[in-house]
Amino acid sequence: MYIDGRFVNAKSGKTFNVYDPATEQVIATCPAGEAADVDLAAAAAKKAFYGGWRGTSAQERGRVLFRIADRIRARRDELARIETLNSGKPIVESEYDMDDCVTCFEYYGGLATKINGEVIPVPTNAMVLAVKEPMGVAGQIIPWNYPLAMAAWKLGPALAAGCCAVIKPAEQTPLTLLELAKDFEACGLPPGVVNVVTGMGPECGGPIVTHPDIRKIAFTGSAEVGKLIMRNAADQLKRVSLELGGKSPNIFFSDSDFEAAVDGALFGVFINQGEVCSAGSRVLVQKEIYQKFVEACAAKAKTIRVGPGIERETKMGPLVSAEQRDRVRKYQEIGRKEAKTAAGGGAPSQFAKGWYVEPTIFYDVDNNARIAQEEIFGPVMSIIPFKDEADALRIANATPYGLAAAVWTRDIFKAFRVVKQLEAGVVWVNHMQPTMLEAPWGGYKMSGFGRELGHWGVEEYLETKQIYVNLDETPIAWY
Ligand code: NAI
Ligand code: MG
């Protein structure tokens with residue numbers, strides 16, 4: 001772990017194993033941090049915050065973020081390789097993720113000097129200002145599907161705002177963030193500004209959520225843990241932002257470009273082995289093209305190259321853990337009973353080791369089925385037919401989630417009518433998944449609240465202070 005500028009073990013001396021999902025081999029052991037370690041990290045962060053970080057100039061914080069971006073750029077291939085070894089994802093996607101991390105730190109490096117306040121016109125002879133101030137120490141809890149990228153999405157805005165951080169990577173995938181931490185000092189981050197604690201959710205994440213010196217929690221992960229965090233943060237009325245999962249609809253009208261649509265449906269749910277919060281896992285297809293669409297998706301899904309992420313030709317690697325593989329296998333079983341199978345439905349037979357599952361397509365899925373309502377977080381597509389625009393919207397919004405949605409059509413009138421009625425925080429037209437670091441990211445309904453990325457991301461780490469300055473020198477008339 002990296003606490004107060006030094007790499008340390010857990011106070012208890014306990015460790016846990018980290019695996020390569022393609023070989024099931026242990027590739028590292030990490031300290032199993034607990035409350036005592038979180039205490040040290042929070043104390044270091046608090047000391048760093050009051051001891052200077054909050055008073056640094058925005059230019060200086062920006063420069064630190066640029067240097068972090070430069071380090072990731074310089075170490076791109078090495079970090080991408082570690083990301084793939086640890087998460088299973090295809091190396092090409094890991095490289096893309098590293099580029100994304102660079103862009104993210106650069107974006108927030110630039111934004112650091114643009115966090116402005118406001119001057120508010122008031123009726124009295126006074127000057128009223130609203131200024132933005134850093135919240136203090138932020139607790140950040142990271143998932144395993146985009147390990148370093150999710151850390152960048154949270155560290156970038158926190159540091160730009162002037163906050164310090166206690167950040168916990170997922171226990172499955174701590175390696176890239178620990179690697180990057182080796183460079184923090186050389187990038188000009190004073191000790192304690194960013195502390196990386198590793199450990200299990202309840203034992204290490206839990207104490208972050210309830211620590212009295214941690215003012216804000218930013219979490220990405222399951223809705224189940226999101227609810228727990230909100231409950232546990234309530235006693236201290238801690239600020240919380242939650243980016244939870246989804247069951248995002250990818251809607252195809254019969255007038256969409258057919259080839260692009262099929263590719264968009266596959267890409268939407270099979271990228272990163274389907275371990276994507278915004279995965280287009282519900283594919284809604286208009287009746288006129290339904291049969292042809294199911295057949296085309298199934299034919300193409302069978303050509304997806306599944307294999308070790310480290311091979312450049314691989315399109316889908318193994319899932320991150322045995323636990324996640326089992327979860328997805330369970331949903332494949334459920335799906336085979338609830339709907340018809342067009343492709344996959346099990347585990348590929350060619351691998352002796354590795355947590356692989358087949359790209360799987362179910363069709364004639366009822367929107368009330370479990371595979372249409374519950375987040376699977378794996379390469380499982382549920383295809384649902386619809387009649388017309390109203391039908392598509394009714395089905396699309398009939399989910400407790402609301403992270404993302406996409407609509408495919410050549411008719412711009414129809415596209416925008418649908419966009420306006422979709423209850424989702426991110427909506428794509430004729431595409432699915434491109435993520436712009438400059439634009440807001442987050443969910444409606446049970447996909448959470450708060451927005452990451454863009455200037456919205458930095459707001460999550462800022463308090464607003466009203467300042468009233470009296471300009472009238474005459475005594476108060478009240479006496
Ligand atoms: P999870 O929500 O348990 O884990 C995410 C992070 O939260 C990890 O760092 C974990 O250590 C931490 N955590 C777990 N329990 C905690 C607690 N009690 N207090 C504080 N922190 C805690 O996700 P898990 O179990 O790995 O995956 C389960 C499902 O969650 C997946 O199948 C998927 O549906 C969803 N998920 C969604 C993600 C997203 O991007 N929105 C990312 C990861 C998982
Ligand atoms: Mg969990």
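Alanine 301 touches Leu266, Phe270, Ala343, Pro359 and Ile361, if residues up to four places away in sequence are not counted. I should state at once that this is a predicted model. Alanine 301 belongs to helix H10, which covers residues 287-301. Is this alanine buried or exposed? Its relative accessibility is 3%, and because the limit for a buried residue is under 20%, alanine 301 counts as buried. Consider also alanine 342, which stands 41 residues apart from alanine 301 along the chain; the C-alpha atoms of the two are separated by 9.4 Å.

I turn next to two charged residues. The first topic is aspartate 20, located in strand E3, residues 15-20. This aspartate is buried, yet it has no salt bridge. Which side chain of opposite charge is nearest to aspartate 20? That is arginine 81, at 8.6 Å, whereas a salt bridge requires the nitrogen and the carboxyl oxygen to be within 4 Å. With residues up to four places away in sequence set aside, aspartate 20 touches Gln25, Ile27, Leu85 and Trp355.

The other charged residue is arginine 61, in helix H2, residues 58-74. Arginine 61 is likewise buried without a salt bridge. For this arginine, the nearest side chain of opposite charge belongs to glutamate 60, 9.5 Å away. Its contacts, leaving aside neighbours within four places in sequence, are Trp53, Thr56, Leu159, Ala160, Ala161 and Gly162.

Several of those names lead us to helix H5, residues 147-161. How does the span of H5 agree with its 15 residues? At 1.5 Å a residue, the helix should span 21 Å, and its end C-alpha atoms are 22 Å apart, which agrees. As to its surroundings, 15 of the 15 residues of H5 are buried, so the helix is largely enclosed by the rest of the structure. Just after H5 comes glycine 162, which takes a positive phi of about 100°; glycine 162 is also one of the contacts of arginine 61.

Finally, the ligand. There are 27 residues around ligand 1, and those that come nearest are Ile142, Trp144, Glu171, Ser222 and Glu375. Where do oxygen atoms of ligand 1 lie relative to the protein? For isoleucine 142, a backbone N or O atom lies 2.8 Å from a ligand oxygen. For tryptophan 144, a polar side-chain atom lies 2.6 Å from an oxygen atom of ligand 1. Arginine 327 also places a polar side-chain atom 2.9 Å from an oxygen atom of the ligand.

Methods:
Residues numbered from 1 in each chain as written. Chains lettered and ligands numbered in written order. Predicted model: local features only at pLDDT ≥ 70, side-chain atom pairs only at ≥ 80, totals over all residues. Heavy atoms only, no water. Helix = DSSP H or I, 4+ residues; strand = E, 2+ residues; numbered from the N terminus. Expected span 1.5 Å × (residues − 1). Buried < 20%, exposed > 50% of the residue type's maximum accessible area, 1.4 Å probe, protein only. Lys, Arg positive; Asp, Glu negative; His and termini not counted. Contact = heavy atoms within 4.5 Å. Near = heavy atom within 4 Å. Polar contact = N/O pair within 3.5 Å; in protein donor to acceptor, adjacent residues only side chain to side chain.
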